[in-house]
Amino acid sequence: MIYCDELQTHAAAEPDRKPNAKRASERLDFGMRIACFRPKGPTLTTRILIIILLIASSGAPATAAPPSSAATPEVAPGQLIVTWKVPKTLRVATVPTVVAGYVTRPLRDLDSRTELIALHEKTQAASWEAVAALRADPRVADVQPNYVRRPMVRPNDTHFPLQWHIPRIHGEQAWDISQGSQIKIAVIDTGIRGSHPDFQGQLLPGYDFISNITHAGDNDGRDANPTDNGTNSSASSALHGTHVAGIIAARSINNKGIAGICWNCKIVPIRALGVDAGRGVDSDIADAIRWAAGLNVQHVPPNPNPAQIINMSFGGAGGSKVLTDAIAAALREGVIIVTAAGNKNIDASNIYPAAVPGVITVGATGYKTKRAPYSNYGQVIDVMAPGGNLYEKQDVQHQGKTWQGGIISTMYYAQDNSYDYHIYEGTSQAAPVVAGVIGLMLSVNSGLDSAAVLAALKKTADGSYQCAKGCGAGMINAAAALAEVNNGTPPTGNGLPYGSTCSQDLDCASRICRPAGGSGYICTRYCSSKTECPSGSSCHAGVCVPGSGPSTNPGSSGGTVIQGVGCRVGAEEAPSGPLPWLALALLALACRRRRR
Ligand SMILES: [Ca+2]
Ligand SMILES: [Ca+2]
């Protein structure tokens with residue numbers, strides 16, 4: 001059952017060509033270029049063409065037709081389809097017995113003008129070279145390789161038709177390139193209900209970092225059990241982490257529920273936000289970040305599965321040294337960190353961890369609106385991803401009903417101890433969409449670092465989603481991002497030395513571009529003490545900065561961090577105090593009453 005209601009969509013996927021066919025680097029030569037399979041000798045024209053082709057083939061092979069990217073189509077090796085300008089009954093022309101140096105033979109007629117032919121050499125490279133040669137034949141109206149079509153990966157999960165955010169980011173085409181491979185993604189959140197059927201086989205051991213027993217709601221402090229003890233009421237944890245984790249890696253193709261974006265990735269569930277409306281504090285969150293990255297945390301056993309990606313779908317005003325330092329330490333370990341921009345429709349430059357340098361910050365798009373009305377914006381936004389809008393209705397019916405244009409994911413219902421699915425909206429939902437896509441990107445190219453991943457996401461983003469207030473590079477395109485990094489040559493960057501002015505990590509030889517303390521951004525390097533920095537520099541928040549560094553940490557105010565969003569039916573802004581939380585609780589009850 002899904003509640004929080006209404007409408008739904010999804011266009012059926014059509015078969016598409018399988019991308020990523022590799023062009024053979026060499027053409028095999030079997031020494032039969034003149035010997036012919038055809039009983040009839042070649043015509044005079046053909047003889048001339050043979051000579052021309054043989055001359056041409058004596059040098060470099062014909063120009064390769066297919067692009068050399070992941071979008072390269074797959075073709076049947078050594079097969080061509082030739083369409084003649086004149087019907088068979090009227091023409092004397094035949095396919096030359098040798099094309100581009102390859103012996104040919106006819107297979108069958110497809111219609112009066114079109115025939116399928118085979119090359120003796122059955123390679124994709126030969127197909128493309130022969131196509132290039134025949135395109136120059138004035139008698140030929142059209143020639144193509146025999147393209148291979150495969151069904152696109154389309155999960156059979158029951159509620160997949162409600163997962164409009166997948167096609168919106170071209171997720172099915174991305175799955176045609178990769179469906180993920182064991183990338184470890186830590187979800188630092190309210191914990192998880194790991195017994196959900198769509199989490200079976202998807203989780204690695206996690207940890208509960210909530211020190212305060214009251215906020216933990218589990219009658220104990222820190223321990224190895226990351227189970228969320230909240231309910232799906234917004235006054236509780238709203239089972240926020242369960243929802244977020246499902247977006248990333250819910251089990252797929254199991255005829256059940258939903259499909260996570262990277263269902264072959266693994267979730268490391270880490271609990272740092274409590275049952276009291278998802279409240280968490282920096283002291284717990286910072287330890288959770290370090291543990292996720294495989295760093296030591298006092299009195300906590302080492303994480304046996306350090307994550308390559310961390311998702312943090314929460315935030316609040318007030319930067320802090322402990323949070324910034326923990327993030328810097330995780331970045332230094334090579335972890336890619338994704339954060340939600342926040343849901344207050346304000347500039348995110350003072351929302352943390354969204355504004356911490358080095359993280360990938362995600363704003364939300366609605367179902368129909370480009371920037372969701374609640375989504376934070378501003379210079380710190382890197383990219384946008386679907387977070388949905390509960391005010392908008394999905395266009396296509398599902399199970400005879402209409403559904404809200406939010407993001408559907410895994411949910412637990414404490415009132416009847418059941419596992420189901422629920423539609424939420426928020427940047428909390430947009431960030432895990434990006435985290436899942438990064439999981440796919442790392443699956444096809446494990447050598448990517450955060451700078452390369454972000455550069456690829458930005459380069460391939462749909463710029464029509466950019467906005468005047470700041471929506472980063474626009475909406476991510478999962479398929480294009482995977483294609484961008486799938487050719488083995490991820491962005492190399494500009495290699496600027498320490499101290500150079502920069503605008504992104506990729507600019508720097510160190511791959512670290514950070515605020516220089518009131519004078520823009522510079523290329524810098526990681527440090528743990530001043531002695532590791534160049535003369536005249538100091539070590540601040542894990543990186544070297546000129547001079548003595550900022551006198552205070554950015555927005556150094558306390559440490560309470562409040563997670564974003566829930567089942568918001570009426571509010572334009574996320575809660576910021578007791579009254580909004582109370583309002584949310586009432587809204588949540590309203591949602592429950594509408595449960596179907
Ligand atoms: Ca506990
Ligand atoms: Ca499923």
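Throughout these legends, a residue is called buried if its relative accessible area is under 20%, exposed if over 50%, and partly exposed in between (1.4 Å probe, protein chains only). The model is predicted, so to speak of local features we need pLDDT of at least 70, and side-chain atom pairs count only at pLDDT 80 or more, while totals for chains, interfaces and linings use all residues. Residues are numbered from 1 along each chain as its sequence is written, chains are lettered from A and ligands numbered from 1 in the order in which they are written, and side-chain values use heavy atoms, with hydrogens and water left out.

**View 1. The calcium ion (ligand 2) and its protein donors.** Donors are N, O and S atoms within 2.8 Å of the metal (3.2 Å for Na, K and Ca); water is not among the atoms, so sites may look incomplete. Here Asp 157 (OD), Asp 198 (OD, listed twice), Asn 254 (OD1) and the O atoms of Arg 251, Lys 256 and Ile 258 lie 2.2 to 2.8 Å from the ion. Along the sequence, the spacing of these donor residues reads D-x40-D-x52-R-x2-N-x1-K-x1-I. Arg 251 is partly exposed at 37% relative accessible area, whereas Asn 254 counts as buried at 19%.

**View 2. Helix 6, residues 240–249.** Helices (H or I, at least four residues) and strands (E, at least two) are DSSP runs, numbered from the N terminus. In helix 6, 10 of the 10 residues are buried, so the helix is largely enclosed by the rest of the structure. Among them are His 240, His 243 and Ile 248.

**View 3. Salt bridges in different settings.** A salt bridge is a side-chain nitrogen of Lys or Arg within 4 Å of a carboxyl oxygen of Asp or Glu, and the structure holds 13 of them. Asp 137 and Arg 139 meet at 2.8 Å, N to O; Asp 137 is buried with a relative accessible area of 5%, and Arg 139 is partly exposed at 22%. Arg 271 and Asp 208 form another salt bridge, at 3.3 Å. Arg 271 lies in strand 11 (residues 266–271) and Asp 208 in strand 10 (residues 207–208), so this pair ties together parts that are 63 residues apart in sequence. Both Arg 271 and Asp 208 are buried, and a network of salt bridges links them with Asp 218. Asp 395 and Lys 368 also form a salt bridge, their closest N and O atoms being 3.3 Å apart, and these two residues are exposed.

**View 4. The hairpin of strand 25 and strand 26.** Two strands pair if DSSP finds at least two bridges between them. Strand 25 (residues 537–540) and strand 26 (residues 543–546) run antiparallel over four bridges, with His 540 opposite Val 543. Two residues stand between the strands, and Ala 541 takes a positive phi near 50°.

**View 5. Tyr 412, a ring with two partners.** Rings of Phe, Tyr and Trp (its six-membered ring) pair if their centres lie within 6.5 Å; planes under 30 degrees apart count as stacked, over 60 as edge-to-face and the rest as tilted. The count comes to eight aromatic pairs. The rings of Tyr 207 and Phe 209 have centres 5.0 Å apart and planes at 55°, so that pair is tilted. Tyr 412 and Tyr 419 are also tilted, at 5.0 Å centre to centre with 45° between the planes. The charged end of Arg 193 sits over the ring of Tyr 412, 3.9 Å from its centre; the rule asks for NZ of Lys or CZ of Arg within 6 Å of the ring centre and within 35 degrees of the ring normal.
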